[in-house]
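Here are my notes on this one, jotted down while going through the fold. Have a look at the picture before reading on.

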Amino acid sequence: KAKEFSNIVQKKIVKCEKVKGSNEFLKKNFKKINLFISTGTPEEEIIRILKKTNIYDLFKTVLGSPNTKKQHISFILKNNNLSPKEVVFIGDSKTDYCAAKSFDMDFILRSHKFNTGLSKNFKGHKFNNFYELEQLIKI
């Protein structure tokens, strides 16, 4: 049953509408900047989803559960010889924000209808779609 549910969810995610400008942003910038994914989605699932949407190869590293976002950040920093000041964490949840702040890392919030409380109280940089992000970070 769990496998069946997982397959249904993956199919819906692959078909769902993407954040405006996300594919263009990724394809335009993946050679200029190192892109990593840290998600609470099970790692095997997120890899399958990214492969089905033809964007898996745009990321240097893709990390998911069961490891935590703090573990992901630590792994990314260590394995890419990066300091937290060389990385910007882009996320949409309090978990993302807290993980970035635990490393004293810059954080940019993607605002959407499911995080209005966080977005309203967040004092840092925010964006709704990737066209706005591109203007914000000027790569």
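The points below go from the sheet to the helices and then to the surface.

1. First, a reminder that we are looking at a predicted model. Keep that in mind for everything that follows.

2. The sheet is a good place to start. It is open, has three strands in the order β3-β4-β5, and its pairing is parallel. β3 (88-91) and β5 (126-127) sit at the edges, each with a pairing partner on one side only. Helix α5 (residues 94-102) packs on this sheet, where the helix touches β3 and β4. The direction of α5 makes about 170° with that of β4.

3. Now the pairing itself. How many bridges link β3 and β4? There are four, in the parallel sense; if you want a pair to click on, I90 has I108 in β4 as its bridge partner. On the other side, β4 (residues 106-110) is joined to β5 by two bridges, again with the strands running parallel. Here L109 is partnered with K126 of β5.

4. β3 deserves a second look for its two faces. F89 and G91 lie on the covered face, while V88 and I90 are on the uncovered one. That fits the usual rule: side chains in a regular strand alternate between the two faces of the sheet.

5. Is L77 buried or exposed? This leucine, in helix α4 (residues 69-79), has 11% relative accessibility and therefore counts as buried, the cut-off being under 20%. Leaving aside residues up to four places away in sequence, L77 touches L82, S83, P84, V87, F103 and M105. For V87, the separation from L77 is 10 residues in sequence and 8.5 Å in space, C-alpha to C-alpha.

6. Helix α3 (residues 43-52) has E45, I46, I47, I49 and L50 as its buried residues. Note that a glutamate, E45, is on that list. In general, an α-helix has 3.6 residues a turn, so residues three or four places apart point the same way. Just after α3 comes N54, with a positive phi of about 60°; worth a glance on your Ramachandran plot.

7. Last, the surface. L136, I137 and I139 make a nonpolar patch of about 210 Å². Of these, L136 belongs to helix α7 (residues 130-137). Why is L136 called partly exposed? Because its relative accessibility is 32%, which falls between the 20% and 50% limits.

Notes:
Residues numbered from 1 in each chain as written. Predicted model: local features only at pLDDT ≥ 70, side-chain atom pairs only at ≥ 80, totals over all residues. Heavy atoms only, no water. Pairing = 2+ DSSP bridges. Contact = heavy atoms within 4.5 Å. Axes fitted to C-alpha atoms, helices over the stretch in contact; angles between N-to-C directions. Patch = residues over 30% accessible without salt bridge, like charges linked within 9 Å, V, L, I, M, F, W, Y side chains within 5 Å. Areas by Shrake-Rupley, 256 points an atom, 1.4 Å probe, with all protein chains shown as cover. Salt bridge = Lys/Arg side-chain N within 4 Å of Asp/Glu carboxyl O. Buried < 20%, exposed > 50% of the residue type's maximum accessible area, 1.4 Å probe, protein only.
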